[in-house]
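I opened a new page for this structure and wrote down what I looked up, step by step. Each entry deals with one topic.

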Amino acid sequence: MFPKPIEKSSRTWQLGYQALLPTVMLLWLAPLLAVALFSIRPDSDFLVGNYWGWPSSFEMTKNYGMVFGSAMPRYIMNSFLITIPTVIGAVALSCMTGFALGVYKFRGNLLIFFMFIAGNFVPFQILMVPVRDLTLDIGLYNTKTGLVLFHIAFQTGFCTLFMRNFIKALPHELIEAARVEGIAEWRIFWFVVLPLMKPAIAALSVLIFTFIWNDYFWAIVLTQGENAQPVTAGITSFNAQFRAMYHLMSAGSIVAALPPVLMFFLMQKHFIAGLTLGAVK
Amino acid sequence: MNTTLVKQNWYKRNEIAITPWLFLVPGLIMFAIYVVFPIFQSFRISLFKWDGLGSLATHGEYIGMANYEKLLTRDRSFNISLWNNLKWLVFYLASIPAGLFIALFLNQTVRGIRLYKSLFFFPFVISQIVVGLVFTWFYDPQYGLFNGIIGFVGFKPLNVLGDPTLSTYGVIAAGLWPQTAYCMILYLTGLNSLDPEQTEAARLDGAKGIRMLWHVILPQLRPATFIAFVVTVIGSLRSFDLISIMTNGGPFGSSRVLSFYMFEKSLSEYGFKMGYGAAIAVILFLIMMVFIGYFLWRMYQDEKATNG
């Protein structure tokens, strides 16, 4: 283990470390804690310049009540309606592409695989004008469906990278054994490989959920207004509405950030497995 | 009846050759429509003068390389954006050593360390929009925490985001926060899988501290470093959300980068110059392709090593 385990060092350093941990953590999260503090202050604190002192009263219910009374719930609902279908679609497609690229040897296998990886890394701007045009042409501009279709397609690149590497690492003998038994290939996928992919599916789902929830660029390129925009884009309108009302803007930001945070804390292990692209084991 | 039998046999005989393509088709079609073709279309659009209304063929005016010529010779904003991209690229890389440093700090087994690790990772999970808002308030010249701190140390208040010489650095610093968290988690995972025998053997040989880190630990962390490098470079060139939220490219266009400038040219109140925007996107794409090419080459080497 590196660095040297703290238990093996001197007593003073052990105590020092225990004290250092919370201190560094508080510094690291200071900008966020500031916002959390803002979000429970009353309006009047800002008027008298009490930004950093003790709040004169705690207005958590009132501030967050205001947020939920605005268009925010609408935007959050939109975010869910965009994020969940995307997760399902991208994971489903990439289970299949990952299976094809991870199990079979054929000409062009690596080429297709690299095309998915390269596509996943390109700048969004090179796609922006044509994708916006396409979405307008098929009548899906400013709809959640338009956004979902694009997200599914684009995320398939990253998901394929992940799934293919995962499947490639599975013991190939299982598939060989099934073939010897004369089982059809699609049944091998469904009954042999898919059940083994559960951890990969979990990891990708959590990760894609966070990516899509946090997307801002495509939200402003492909949608506008309350009926389709997700919360990342909605929060800017929210902030325009409550300009300079920092207690409300802070509360709004926290509400907008919450779902992926919860997702992360509930599914931490899977999340981290996904982030390391399965490459750092 | 005879033909169906033949058909079935034909499928049966070629099952292993056909199946992968059947599985690939849905993903490939989606990817082709939304990712591969648009790249080529953007190349084509960049040769036109087009305001995005009507179709390119009927309403666009073919002008050859004129967009590129203007960008590269007569557009000062383009130069500033490109220069800022370079700043992003260089300073964003600081998140790799910073992430390693925090990972080393947290790689212990004391009580509650798991919670600490998650809390340090926190900034990466929240959206860049929220990070941007948080840091805009953090820098606020009047009541921001940042000026509170530097005022406490005895400096005059700074309007970081309102100062053309500082704005880009202010935004990059905000970006470093989540990116460092990302690199940290990559290194924590890497540190977890160190080979204990190598480390102990080196320890017996008297290696410790920086020398140990450099000669024994870092070589083992190479896969983590590679991924950290990939995601950081791509992330730096993709920066958009933070700029859009924190400075909107300003003041006076001083914090634009290519991705933001492209958006501004083609889809904002500054007009709908789709052709010009596409040309900017193509240049950004070509810059990124250099890195993507390098990553793919590295992965290809790995593939060859594992397969043959």
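The entries below go from the whole model to single residues.

**Entry 1: the model**

I noted at the start that this is a predicted model. I looked up its scores and found an ipTM of 0.89 and a pTM of 0.90. For chain B, I read an average pLDDT of 88, with 96% of the residues at 70 or above.

**Entry 2: chain A as a whole**

I looked up the secondary structure of chain A and found 15 helices and 0 strands. Next I wanted its dimensions. Along the principal axes, the C-alpha atoms of chain A fill a box of roughly 80 × 65 × 30 Å. I then compared its radius of gyration with that of a compact globule: the globule of 281 residues would be near 19 Å, but chain A has 24 Å.

I also asked what percentage of the 281 residues of chain A count as buried. The figure I found is 47%. For the contacts in chain A, I took those between residues at least 6 apart in sequence, and 79% of these join residues at least 24 apart.

**Entry 3: the domains of chain A**

I looked up the domain assignment of chain A, which gives domain 1 as 6-66 and domain 2 as 68-275. I read 33 Å between the C-alpha centres of these two domains of chain A. I then turned to their contact, where 12 residues of domain 1 of chain A meet 11 residues of domain 2 of chain A.

Which helices supply at least two residues each to the domain 1 side of this contact in chain A? I wrote down α2 (30-38), α3 (43-47) and α4 (60-69) of chain A. The largest share of that side, 4 residues, comes from α4(A). Sorted by class, the domain 1 side has 6 nonpolar, 3 polar and 3 charged residues.

**Entry 4: the domains of chain B**

I did the matching search in chain B. Its domain 1 is made of two stretches, 41-74 and 269-300, and its domain 2 covers 80-250. I found 32 Å between the centres of domain 1 and domain 2 of chain B, taken over C-alpha atoms. The contact takes 6 residues from domain 1 of chain B and 4 residues from domain 2 of chain B. On the domain 1 side in chain B, I listed 5 nonpolar, no polar and 1 charged residues.

**Entry 5: where the chains meet**

I looked up the contact between the chains and found 76 residues of chain A against 79 residues of chain B. On the chain A side, 60 of the residues are nonpolar, 14 are polar and 2 are charged.

I went on to the largest nonpolar core, which has 167 residues. The members that touch the most other members are A:Ile208, B:Met184, B:Tyr187 and B:Ile280. I picked B:Ile280 and, leaving aside its neighbours within four places in sequence, found it in contact with B:Leu71, B:Leu258, B:Tyr261, B:Met262 and B:Lys265.

**Entry 6: a buried loop residue**

I located A:Thr223 in the loop between α12 (217-222) and α13 (231-241) of chain A. Is A:Thr223 buried or exposed? I counted A:Thr223 as buried, because it has 24 C-beta neighbours inside 10 Å, and 20 are enough for that class. Beyond four places in sequence, its contacts are A:Asn142, A:Leu147, A:Ala228, A:Gln229 and A:Ala233. I also checked A:Thr223 against A:Ser253: they are 30 residues apart in sequence and 20 Å apart in space, C-alpha to C-alpha.

**Entry 7: a helix in the open and positive phi angles**

I looked at helix α10 (residues 196-204) of chain B, where the number buried is 0 of 9 residues, so the helix lies largely in the open. After α10(B) comes B:Gly206, with a positive phi near 90 degrees.

I then noted B:Asn248, which is not a glycine but has a positive phi of about 55 degrees. I placed B:Asn248 in the loop between α13 (241-246) and α14 (258-267) of chain B. B:Asn248 counts as partly exposed because it has 15 C-beta neighbours inside 10 Å.

B:Phe252 also lies in the loop between α13 and α14 of chain B. I read a positive phi of about 55 degrees for B:Phe252, although it is not a glycine. With 11 other C-beta atoms within 10 Å, B:Phe252 is exposed.

Technical notes: Residues are numbered from 1 along each chain as its sequence is written. Chains are lettered from A and ligands numbered from 1 in the order in which they are written. This is a predicted model: local features need pLDDT of at least 70, side-chain atom pairs count only at pLDDT 80 or more; totals for chains, interfaces and linings use all residues. Two residues are in contact if their C-beta atoms, placed from the backbone, lie within 7 Å. Ala, Val, Leu, Ile, Met, Phe, Trp, Tyr, Cys and Pro count as nonpolar, Asp, Glu, Lys and Arg as charged, and the others, Gly among them, as polar. Domain bounds come from an automatic or database domain assignment. A nonpolar core is a set of buried Ala, Val, Leu, Ile, Met, Phe, Trp, Tyr and Cys residues joined through C-beta atoms within 7 Å. A residue is buried if 20 or more other C-beta atoms lie within 10 Å of its own, exposed if 12 or fewer, and partly exposed in between; C-beta atoms are placed from the backbone. The radius of gyration is taken over C-alpha atoms; the globule rule is 2.2 Å times the number of residues to the power 0.38. pLDDT is the predictor's confidence in each residue, from 0 to 100.
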